[in-house]
Amino acid sequence: VLLAFVYYLFFVNKGLVFFGVGYYLHAAQRILSGQIPYKDFFLQYGPTYFCLLAILFKLFGPLVIVGRLFNLAVCLSILITTFVILNQLKIKSYLAILLAFLATISFGFPLINIPDIMWANVLTVLLLLLTFIIWNRQKSYRLTILMGLLLALSLSFKQNLGITFVILFSILEIAAVKNRPERLKHRLLMTAAWFLPVFAGMYIFFLKDNLQGLYEFVNFSRRFVGQTAFSYPSLTMLFQPTGIFKLLPYYLPIVLLISLLIFVLKKKLNLNLIAFMSVAVVGFFVSIYPQSDLIHCYPFLGMVLISFLLFPLRNRTRLVIISVVLLTTLTGFYLTFFTKSYRYEYLYSQYTASLNLPTTKGILVTPEIAKSVVNLNKFIDSKTTKNDYILAYPYSPMLYFILERQNPSKDFLYFLPAWHFYPDETILSEMKKRHVKYIVTNGNYQYDSVLSKFIQQQKEVFEDYQLKVFEIEQY
């Protein structure tokens, strides 16, 4: 664990993701300022992760590095929990434990080093799995309640994973208890333990005085799935020079699923091993639907690789499995050091300049980004106060956090069809109501949309690298 900590620490202050990390930090910032999720601003996830970040900001200050350290702590906890589970499964092979360690860290924190709700989900379900394994021996009612509470926590992070794991662990619980009356007691107890906290949360955020927010939340989730095209890499990529490495993260979970079904039918796996492998498979496929880009493969891929090491296999077959796991693990390290961080940003080696602003202390970015953001901050400080509103367009909510300015809209993102919830006309109306005078753009801002066309009609007053500022002359 100490070795993993040292390895992770190298990446903790590298890079700044204006889109992804901005979404989490800006939401937490709004909660810290007293705003209520789903009422004062829109969230597509459950509120718990953002509330935890807001508490950390209250304790240690609203800093980017605070979110990073929180994420690092979660990822270290994932590793520790994985080791405890392997011990509970009586895995004694030093080689298997070493490969499990490498598989976990190679597809761990460095590939998603920003505050991200997925790592919290992985940790929660691993704690749930560990509780199930111990419960499977003891059948303790206290552990049944604990499983229900962990399911409630999972639901409060990311609803699609939470719902799936409620179904999965309900099936596992039924399979573990043969006595019908006893099974019914555990079933009712676990259901009550997850349902009551979830209902309480729904009452606080929706049912009490925000039914419109509930409608918007449900409608957005349905629309998000409908507008995001799901795709899977074709096997024809095998004919490309590096095609096999691109396919392994996507097709190993399919191989694991088929292998799991075969071994279950042959009754060669105990329920605890079935539970571990099922969590890995279910977690992976739910995570990549509907967005199937590589970054959504990472969170559960370590568990998938470890699952292959748990099958009772002959020596020759085991050697093949070990080779595949090792090859895939090396692919994870290659992606970390030789491809873009967070899949779409810059190489870690390019982050060499400190971004010395109040909320970004200790963060390294590229020299170009450091210079442009500092200059932008000076400009905004000269034109506005911290109580003023600006608009950060089209999808850079990190700018609200860095510049310490308020967002006039309930939305965070203003163009991506699957993420942009409110109509442009509503956003413009909110901007006018809050007397927004400046719009900051990051990257391309020229789209076929009402808000984009409005921006293009305004006066450009600042430009540096990819950042521009437009002064609103007339609504």
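In the predicted model, the side chains of Asn442 and Ser396 are joined by a polar contact of 3.1 Å. Asn442 belongs to strand β4, which covers residues 438–442. With a relative accessibility of 15%, Asn442 falls under the 20% limit and therefore counts as buried. When neighbours within four places in sequence are left aside, the residues in contact with Asn442 are Phe18, Tyr393, Pro394, Ser396, Leu399, Gln466 and Leu467.

The burial of Asn442 is shared by the rest of its strand. In β4, 5 of the 5 residues are buried, so the strand is largely enclosed by the rest of the structure. In a regular strand, side chains alternate between the two faces of the sheet. In β4, Tyr438, Val440 and Asn442 point one way, while Ile439 and Thr441 point the other way, and all are buried.

Strand β4 is part of an open sheet of 4 strands with mixed pairing, arranged in the order β3-β4-β6-β5. The edges are occupied by β3 (391–393) and β5 (459–464); each has a single partner strand, so one side of each lacks a neighbour in the sheet. On average, neighbouring strands of this sheet are turned by 20° against each other, direction ignored.

The pairing of β4 with β3 is parallel and comprises 3 bridges, with Ala392 standing opposite Val440 of β4. The pairing of β4 with β6 is antiparallel and comprises 5 bridges. Here Val440 has Val469 of β6 as its bridge partner. Helix α15, formed by residues 367–383, lies across β4, β5 and β6 (467–471). The helix runs at about 145° to β5.

Among the other helices, α11 comprises 23 residues (243–265). At 1.5 Å a residue, α11 should span 33 Å, and the distance of 33 Å between its end C-alpha atoms agrees with this. The helix nevertheless contains a kink of about 50°, centred on Pro249. Pro249 is also one of the buried residues of α11, which further include Gly243, Leu247, Leu248, Tyr250, Leu252, Pro253, Leu256, Ser259, Leu260 and Phe263. The buried residues of α11 pack against α12 (271–287), α13 (298–309) and α14 (315–338). Just after the helix, Lys267 adopts a positive phi of about 55°.

Helix α8 consists of 18 residues, 159–176. From its first C-alpha to its last, α8 reaches 25 Å, close to the 26 Å expected at 1.5 Å a residue. The buried residues of α8 are Gln159, Leu161, Gly162, Phe165, Val166, Leu168, Phe169, Ser170, Leu172, Glu173 and Ala176. Their cover includes α6 (117–138), α7 (141–157), α9 (180–207) and α10 (211–227). Helices α12 and α13 also contribute to the cover of α8, and both are among the elements against which the buried residues of α11 pack.

Key: Residues are numbered from 1 along each chain as its sequence is written. This is a predicted model: local features need pLDDT of at least 70, side-chain atom pairs count only at pLDDT 80 or more; totals for chains, interfaces and linings use all residues. Side-chain values use heavy atoms; hydrogens and water are left out. Helices (H or I, at least four residues) and strands (E, at least two) are DSSP runs, numbered from the N terminus. The expected span of a helix is 1.5 Å times one less than its number of residues. The bend at a residue is the angle between axes fitted to the seven residues ending there and the seven starting there. Buried means under 20% relative accessible area, exposed over 50%, partly exposed in between (1.4 Å probe, protein chains only). Contact means heavy atoms within 4.5 Å. A polar contact is a pair of N or O atoms within 3.5 Å; within protein, one must be able to donate a hydrogen and the other to accept it, and residues adjacent in sequence count only if both atoms are side-chain atoms. Two strands pair if DSSP finds at least two bridges between them. Axes are lines fitted to C-alpha atoms, for helices over the stretch in contact, and angles run from 0 to 180 degrees between N-to-C directions.
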